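Student: I'm new to this one, and I'd like a close look at a single part of it: the salt bridges. Could you walk me through them?

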Amino acid sequence: MKHRPAAGRAPRGRRLSDQTAKDRRRLVLGAAVGFRVAQVRVFVESLRATGYAGDVTMLVGPFQWRLRAYLARHGVRTLPHWSTRKLHGPIHAVRFERFAKILRRHAGRYDQVLVSDVRDVLFQKHPFAEAASAGCRFYLEAGPWTIGSEPTNRRWATLFLSPAEAERIGPCRISCCGVVLGGAPAMTEYLSRLAAYLQALPIRLRREGGADTAFHNKIAHLTREVAAEIVENDVHVATMGLTPPSAYAAGADGLVRVADGRAPAILHQYDRIPALKRAVEAKYGRIA
């Protein structure tokens, strides 16, 4: 069988473009444990359609052979992962512990890293375009919601933070941990500290959902223990879950734009807006 170059690798004798050379020093991390191909297609195919030629690593269940084959065809490296909510907590929190280990193991291999949800993320532009900061980029959700005024985030803050921390963080805007991007050293530090907070929880609390979001916001707003900047919603990332659907419109060119005409590079939680979900399904097929 003829050998095919890995994503971001040029055949011998062919010069890499500047963009591809940069992408060889970039990594996208995600988790698709328990997902079907239909649930990852939009993420994978829209990412590659932007021209991103760098590494993608995804956690998958040990027996997800069909998913692993699909991901391999798109240049995605898969790592088998097994955990249970009863012993380790929900996968959407445990993944951060695994991501921290991956980055610590490959220190120096990458310049930039994106950690992202998979099932509800679509890429409209190259994810690292206009995101050259060496620190972490923490992306806000829609205003005027705050951690104290949004019921789910208020519950998580009360459950996982101390009473004093929950009171202090209440007036802060919500930052979503579903998409975080930054320089590799800062992202390694961020993931290591987030993992440490999660691991310190009693197992009874580890089984609850939302600890990852609570500790992410603690790092972003209270401790500020890693180099980071907080980025307004709908600039680079549109986190749509708390935004009125009328704030977005799909154009004839297939791009989703906000009121001032900008098309954010990354759409998160697009499936919560029925019109956008239908438009995406028309292009990629029905999403499970």
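Tutor: Sure, here is a walk through the salt bridges, pair by pair. Keep in mind that you're looking at a predicted model. The structure holds 16 salt bridges, and we'll pick out a few of them.

Let's start with Asp-271 and Arg-119, whose side chains meet in a salt bridge at 2.7 Å, N to O. This pair ties together distant parts of the chain, with the two positions 152 residues apart in numbering. To find Asp-271, go to the loop between strand E12 (266-268) and helix H11 (274-284). Arg-119 sits in the loop between strand E4 (112-116) and strand E5 (121-123). Arg-119 has a relative accessible area of 33%, so it counts as partly exposed. There's also a third partner here: Asp-120 joins Arg-119 and Asp-271 in a network of salt bridges.

Next, have a look at Arg-193 and Glu-225, where the salt bridge spans 3.0 Å, N to O. Here too, distant parts of the chain are linked, as the two residues are 32 residues apart. Arg-193 belongs to helix H8 (residues 184-199), while Glu-225 lies in the loop between helix H10 (211-223) and strand E8 (228-231). With a relative accessible area of 31%, Arg-193 is partly exposed.

Finally, find Arg-257 and Asp-253, whose side chains form a salt bridge at 3.0 Å, N to O. Arg-257 is partly exposed as well, because its relative accessibility is 28%, which falls between the 20% limit for buried and the 50% limit for exposed.

Note on methods: Residues are numbered from 1 along each chain as its sequence is written. This is a predicted model: local features need pLDDT of at least 70, side-chain atom pairs count only at pLDDT 80 or more; totals for chains, interfaces and linings use all residues. Side-chain values use heavy atoms; hydrogens and water are left out. A salt bridge is a side-chain nitrogen of Lys or Arg within 4 Å of a carboxyl oxygen of Asp or Glu. Helices (H or I, at least four residues) and strands (E, at least two) are DSSP runs, numbered from the N terminus. Buried means under 20% relative accessible area, exposed over 50%, partly exposed in between (1.4 Å probe, protein chains only).
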